[in-house]
Amino acid sequence: MYIIKQLRRKKNISQSKLGKEIGVSLRTIQLYERKNANIPIKNLTKIANFFDMTIAELYLQEVNDLGESYTKKQPFTKHGSVFYPLDHGKYLVMAPLVMVEWHKKYIESLEKQQGRIPFQSAFVIDFLAKEPHRIFEVSGDSMNDDSLNAIPNKAFVLGLGLKKESFTKDDETLWDKSYILVCKDRIICKQLTGYSKEKTVLLCHNLNTSPEFQDFELPLDDVLQVFRIVKKQL
């Protein structure tokens, strides 16, 4: 992000100093300051905190400083996410973030009907959807096949909420897509290939073809929430 360089210069600190503050190398900071840098969410959060900003403020300053000024429309809140209107029909969405270490607590909060999530992160999206947005950190490499569709360990994905009953209908557009499945005992990322009405199970597929990752059937009753993955950050 170009804005990191500007903020660093205003604070009169070197790239090495910033790297030490957030726990990365000088080379990493140099990469982060490029226009098309792909910065992991955790490090982006550390950078925002260092400059006493939110991730949303970093993104908005980045867009504004590059000459693509965001509109004067006020941000709005929907389903626990905050949406910042940008130019060209885009939005910056600050959505609840469920990191790996919070998977168990998230499931417990659903069972207790206490759905508030203390963390948020950001994605830039091209359209608004009526479904709730959630961001999940993925655990494991079962969906990592080194292709463009790969979702590796520690990736962050933006999901749109979907009623699990949707899978019981004859809708072919739902299949062969990647989802976050919030189950009673775990949160998993899988590609769904179909639904068996006889067994009332979802057919879960792993992109990684290693023998340790086997496809399996998941009882629909074990699923608490479903989110269709629409974007990812590595």
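**Exercise 1. Classify the F50 and F51 pair in this predicted model.**

Solution. Start with burial: F50 has a relative accessible area of 18%, and the limit for a buried residue is under 20%, so F50 counts as buried. F51 is also placed in the buried class, at 11%. Next, take the ring geometry. The ring centres of F50 and F51 are 5.1 Å apart and the planes meet at 80°. Rings pair if their centres lie within 6.5 Å, and planes over 60 degrees apart count as edge-to-face. The F50 and F51 pair is therefore edge-to-face.

**Exercise 2. Determine the geometry of the F76 and F83 pair, and the burial of each ring's residue.**

Solution. The centres of the two rings lie 5.3 Å apart, with 15° between the planes. Planes under 30 degrees apart count as stacked, and F76 and F83 are a stacked pair. For burial, F76 has a relative accessible area of 31% and is partly exposed. F83, at 1%, is buried. In the whole structure, a search finds eight aromatic pairs. One aromatic cluster is formed by W102, Y106, F136 and F227.

**Exercise 3. Which residues of helix α4 are buried, and what follows the helix?**

Solution. Helix α4 covers residues 41-50. Its buried residues are I41, N43, L44, I47, A48 and F50. To read this list, recall that an α-helix has 3.6 residues a turn, so residues three or four places apart point the same way. Within the list, I41, L44 and A48 can be read off as one series, and N43, I47 and F50 as another. Just after α4, D52 takes a positive phi of about 55°.

**Exercise 4. Describe the surroundings of E137: is E137 buried or exposed, and what does E137 contact?**

Solution. First locate the residue: E137 lies in strand β5, which spans residues 133-137. With a relative accessible area of 2%, E137 is buried. Leaving aside neighbours within four places in sequence, the contacts of E137 include the run V98, M99, V100 and E101, together with H103. K154, A155 and F156 also contact E137, as does K42. K42 falls within the range of α4, residues 41-50.

**Exercise 5. Place P132 in the fold and list what P132 touches.**

Solution. P132 is in the loop between β4 (120-125) and β5. Its relative accessibility of 27% makes P132 partly exposed. Not counting residues up to four places away in sequence, P132 touches H79, G159, L160, G161 and F227. F227 belongs to the aromatic cluster with W102, Y106 and F136. P132 and I180 are 48 residues apart in sequence, and their C-alpha atoms are 13 Å apart in space.

**Exercise 6. How compact is the chain as a whole?**

Solution. Begin with the secondary structure: the chain has six helices and eleven strands. The radius of gyration is 19 Å, close to the 17 Å given by the globule rule for 234 residues, so the chain is as compact as a globular protein of that length. Along the principal axes, the C-alpha atoms fill a box of roughly 65 × 40 × 35 Å. Of the 234 residues, 45% are buried. Among contacts between residues at least 6 apart in sequence, 59% join residues at least 24 apart.

**Exercise 7. Describe the exposed surface and the charges of the chain.**

Solution. The chain exposes about 12,900 Å², and carbon and sulfur atoms supply 48% of this area. There are 35 positive and 29 negative charges, and their mean positions lie 8 Å apart.

Methods: Residues are numbered from 1 along each chain as its sequence is written. This is a predicted model: local features need pLDDT of at least 70, side-chain atom pairs count only at pLDDT 80 or more; totals for chains, interfaces and linings use all residues. Side-chain values use heavy atoms; hydrogens and water are left out. Helices (H or I, at least four residues) and strands (E, at least two) are DSSP runs, numbered from the N terminus. Buried means under 20% relative accessible area, exposed over 50%, partly exposed in between (1.4 Å probe, protein chains only). Contact means heavy atoms within 4.5 Å. The radius of gyration is taken over C-alpha atoms; the globule rule is 2.2 Å times the number of residues to the power 0.38. Accessible areas come from the Shrake-Rupley method with a 1.4 Å probe; for residues, only the protein chains shown count as cover. Lys and Arg count as positive and Asp and Glu as negative; His and the chain ends are not counted. The place of a charge is taken as NZ of Lys, CZ of Arg, CG of Asp or CD of Glu. Rings of Phe, Tyr and Trp (its six-membered ring) pair if their centres lie within 6.5 Å; planes under 30 degrees apart count as stacked, over 60 as edge-to-face and the rest as tilted.
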